[in-house]
Amino acid sequence: MISKPLAKTLNWRSALARSALACALAGAGLAQAATETVGQVSLLIGEAWVVHGDGSRQALKRGASIQVGDRIETSANGHVHVRFIDNGAVSVRPDSVLEVQAYRYAAQQPLLNEVRLKVEQGTSRSISGAATEVDKNRFRLNTPIAAIGVRGTDFIVQTDRTGMRATVSDGAIVVGALGAGCQANALGPCGGKDARLLSAEMGRLMVEVKPGDQMAHVVPAAGAALASAAYNAEERVAARTAAESAARVAGILAARPRDVDTAAAIGSDMNVVTALALASVDLPELNRAGDFNSQLVWGRYSIARDPNDKLSAPYSIASLGRHITVGDESIGLFRANDPANPSGQLPASLTTKVDFRLTRAAVTYEGNGVSEAATVNGARLSLDFANRTFATALALSSPAGGKTEFRMAGDVRSDGTFAVQDSTQKIAGAVSLDAKEAGYMFERGVVGGLFKGRTLWGR
């Protein structure tokens, strides 16, 4: 038995500890008021609403702020994407309700981060962001009867009166039925023998919890809402509709490659690029996820990546706070907006010559029925801002395609975009408005096949 004086001491110490934690949270900028913006609507199709913590309800618009305590409600034709302050994202599909119960993020104190979401009904997709990179136990998504913790980053959950079902696109999740051993107000995955882990590597399976279940069950995936092909098709249509509209505004057609086969003026440019010495690539893994804090991000119009692409992000993430520069029917290069430069033109005062360093690349070889990942063995990109020209070279190889070099040069437009083509190759790219980053997509034809890919460069 604990004596009364000791109990008082423990209670005092407990209160002091709670007070110290509250001060730490406030000092870290984590004691978030309900009115603090934690996310923004990046894509809106159809009708949707937000119900704030005070009970007020208003129609959602693209760019609308999302706060802690907000409930997002979609109509039968509504589809909403939200991007959060840590680059996490959720997609709320038609006839669904999602509540943001907590969202705390401080990059310097990751163990104090907290992400708590609730899907009350319908279907939602969640991609966790930087808030849970260090400690994935800082994330929880609840439904009325089950809790989901993450061991990865990307999953889909559906809940209705018949139960809860979840599938994984990337990484892994842990699902437990809510009850005495799995509380809704906890963080992280529920433990114990009744919880179940599901990873993307397990194939077309889902975790299911039905009303009254005390444990989760891993079963074959079923239902159109969780079928990846159908889901990707819907996401692709929604994203491409928005992307095409953005492209028309941005004038993407103006970046169609210039044919240089008969252009005498290109001779000097090609002399420059032919003379470029290829620097060896010293990064072991170029094909990796992009940095969402960068000025340039590749955004794809489908949710699922191509097999050889780890670089691109979903359109809903890449396009938030960015505008499209160049692209094709499947992907675009999105550049950060600059409120101080609304015209989107390179500064006239920029007159330096810069050699860029390759930071990321996703390259594929296709030919004779083969589609395989290719390797970049050497790279060079030089931009002369005084003369508004560029020159670039890549050393490429793959088992089926062998070795080749991609070399191109040409003009850089006043808006920082460039595009050139000849009989065997083409390039289209852009420079960030601060001239510190660049990126381009390219194709290089060889006998029997084609090398194609996307790159990102930094100083």
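This passage describes the overall make-up, the nonpolar interior and one surface patch of a predicted protein model.

In the predicted model, the protein contains four helices and 32 strands. Of the 459 residues in the protein, 50% are buried. When contacts between residues at least 6 apart in sequence are considered, 59% of them join residues at least 24 apart. The surface that the protein exposes amounts to about 20900 Å², and carbon and sulfur atoms supply 52% of this area.

In the interior, the largest nonpolar core comprises 37 residues, and within this core the residues with the most contacts are Ile148, Phe155 and Val175. With residues up to four places away in sequence left out of the count, Ile148 touches Phe139, Arg140, Leu141, Phe155, Val157, Met164, Ala166, Ile173, Val174 and Val175, so that both Phe155 and Val175 are among the residues in contact with Ile148. Another core, which lies apart from the largest one, has 31 residues, including Val354, Val420, Phe442 and Phe451.

On the surface, Leu197, Met202 and Val218 together make a nonpolar patch of about 230 Å². Within this patch, Met202 is placed in the loop that runs between strand E15 (196-199) and strand E16 (205-209). The relative accessibility of Met202 is 36%, and the residue therefore counts as partly exposed, a class that lies between the limits of under 20% for buried and over 50% for exposed residues.

Note on methods
Residues numbered from 1 in each chain as written. Predicted model: local features only at pLDDT ≥ 70, side-chain atom pairs only at ≥ 80, totals over all residues. Heavy atoms only, no water. Patch = residues over 30% accessible without salt bridge, like charges linked within 9 Å, V, L, I, M, F, W, Y side chains within 5 Å. Areas by Shrake-Rupley, 256 points an atom, 1.4 Å probe, with all protein chains shown as cover. Salt bridge = Lys/Arg side-chain N within 4 Å of Asp/Glu carboxyl O. Helix = DSSP H or I, 4+ residues; strand = E, 2+ residues; numbered from the N terminus. Buried < 20%, exposed > 50% of the residue type's maximum accessible area, 1.4 Å probe, protein only. Core = buried A, V, L, I, M, F, W, Y, C linked by side-chain atoms within 4.5 Å. Contact = heavy atoms within 4.5 Å.
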